[in-house]
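Good morning, everyone, and thank you for making the time. I would like to walk you slowly through one structure today, so please keep the picture in view while I talk.

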Amino acid sequence: MGPFDIVIANGTVATAADVFAADIGIRDGVVAALGRGLTGAEVIDATDRLVLPGGIDSHVHIDQPSGEGITMADTFETGTRSALLGGNTMVLPFCLQERGRTLREALSEYHAKAEGNLYTDVSFHLIISDPTEAVLGQELPAAVADGYTSFKVFMTYEALRLNDAQILATMDTARRTGALVMVHCENEDAIRYLIDRHAADGRLEPASHATTRPTAVEREATHRAITLAEVVDVPIVIVHVSNGAAVEEIERARRRGMNVTAETCPQYIRLTAKDLAGMDWEGAKFVCSPPPRDEAEWENIWRGIEAGVFDLFSSDHCPFRYDDERGKLNPAGRSDFRHIPNGIPGVETRLPILFSEGVAKGRIDVARFVALTSTNHAKTYGLYPRKGTIAVGSDADIAIWDPAARTTVRHADLHDGADYSPYEGLEVTGLPRTVLLRGKVMVRDGALVGTRGDGAYLPRGPSAKVRRTARSP
Ligand code: URP
Ligand code: ZN
Ligand code: ZN
């Protein structure tokens, strides 16, 4: 044994199962040994540090088509750079099928955007917005066979939403192909009704985004998505859950033995609807769907995290610049919330926020932090055990954390393409300091040392969730 290419020595290693003192020996980009007294060509001293699997953020939007006149703030270069400096080694963005277009076209355009521009590894989910017979019968099964083993459907957004019949048909393709369906649960017709009422009353400011998407529209859609999955008998992921009523729907489904995975995000434990009422249209910075709720809902989400309802803590990073005519303050959006693009940046702050609010404040332990931010993402999306853990044979995707480091979030210190952070001024404890991607040091003591192009695209296998049907306990 040894010497290794790199040894991470004297650290406290944490996986989703265990926390233990060990050196890690890395050879040819993979973890080759866990032990004591290992020797290597390079030794990184991790005394007083936590040595964690690199974060996997399985819900990010990068360079996604966003409608006429609107551009997402991140390219693959800036989005994956920001992810890396936030302690992540892999992200899963969405390849959007626009209506009237094929999956093949969408995928080849998306791959072209990513090619050569990656600082982390990536894999793509699909978004199905046009489930024609050809898409469900041929294109999607072929895509699943090629390693695009998960896709998202929307119950809201006029340009993306599927009706129940379309969702059932799309879920049926998942059942036949062994893919995993992710659902954005908000009732579009109810939202439309509320938007029309707000517009009739002249209530067009950003705060109306939150009042037109109350928790009831999310609760109903969550219940309906689960019901449709039960009818088809497929597992599902309910993404970006924001409130306790939706958590209860998921708990009820689980008690019936259903195979429902739930995801939540930093905005639902740190932001509130009051943020959307900021002065001078600043509330636009917080417009995302589902909208941030209130402090009582933060507690409901924490209860769900602590009780194990949530398997996944993702960012839903979906960045638009604020002061930009192709962003939040586009010509129509600066006077009417209906035209403010939905989404907020957060890929770089996801891990420090959960570490600080969860681990440093004693709500969750480090192993649960690893599960929520890395291991469960790898298992859910067909990447485990190559990704999401520190074990002999796994990729050496490792983030070395200083659990005592403190900082205040400032967008000026972040690395995405947006011009603000919704978490500006938030004090956090615990920061990733050094990050290795497949054994290569990419971030050293907080400074970027890796190169654009070091990241790679990875096809995926089937989800660990899919081996069970919707109903099997
Ligand atoms: O507002 C959000 N969340 N934008 C991103 C798209 C989505 O629904 O995940
Ligand atoms: Zn969504
Ligand atoms: Zn999203």
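**The surroundings of ligand 1**

Let me begin with the ligand, around which 13 residues are found, and among these the closest are H61, K152, H184, S289 and D316. Please keep in mind throughout that what you are looking at is a predicted model. If we sort the residues of this shell by character, we find that 7 are polar, 4 are nonpolar and 2 are charged.

Where does ligand 1 sit? The answer is that ligand 1 occupies the largest pocket.

Now to the individual contacts, which I will take one at a time. An oxygen atom of ligand 1 has a polar side-chain atom of Y157 at 3.4 Å, and an oxygen atom of the ligand also lies 3.5 Å from an N or O atom in the side chain of H240. With N342 it is the backbone that takes part, since one of its N or O atoms is placed 3.3 Å from a nitrogen atom of ligand 1. Taken on its own, ligand 1 has 270 Å² of accessible area, and the protein covers 96% of that.

**A look at H411**

Let me turn, finally, to H411, which belongs to the loop that runs between β15 (398–408) and β16 (427–437). Is H411 buried or exposed? Its relative accessibility is 14%, and because the cut-off for buried is under 20%, H411 counts as buried. Along the chain H411 and L372 are 39 residues apart, and their C-alpha atoms are separated by 25 Å.

Methods: Residues are numbered from 1 along each chain as its sequence is written. Chains are lettered from A and ligands numbered from 1 in the order in which they are written. This is a predicted model: local features need pLDDT of at least 70, side-chain atom pairs count only at pLDDT 80 or more; totals for chains, interfaces and linings use all residues. Side-chain values use heavy atoms; hydrogens and water are left out. A residue is near a molecule or strand if one of its heavy atoms lies within 4 Å of it. A polar contact is a pair of N or O atoms within 3.5 Å; within protein, one must be able to donate a hydrogen and the other to accept it, and residues adjacent in sequence count only if both atoms are side-chain atoms. Accessible areas come from the Shrake-Rupley method with a 1.4 Å probe; for residues, only the protein chains shown count as cover. On a 1 Å grid over the protein atoms alone, a cavity is a set of points where a 1.4 Å probe fits but cannot get out, and a pocket is an open set with protein on both sides within 12 Å along at least five of seven lines; lining residues have an atom within 4 Å of a point. A molecule sits in a cavity or pocket if more than half of its atoms lie within 2 Å of its grid points. Ala, Val, Leu, Ile, Met, Phe, Trp, Tyr, Cys and Pro count as nonpolar, Asp, Glu, Lys and Arg as charged, and the others, Gly among them, as polar. Helices (H or I, at least four residues) and strands (E, at least two) are DSSP runs, numbered from the N terminus. Buried means under 20% relative accessible area, exposed over 50%, partly exposed in between (1.4 Å probe, protein chains only).
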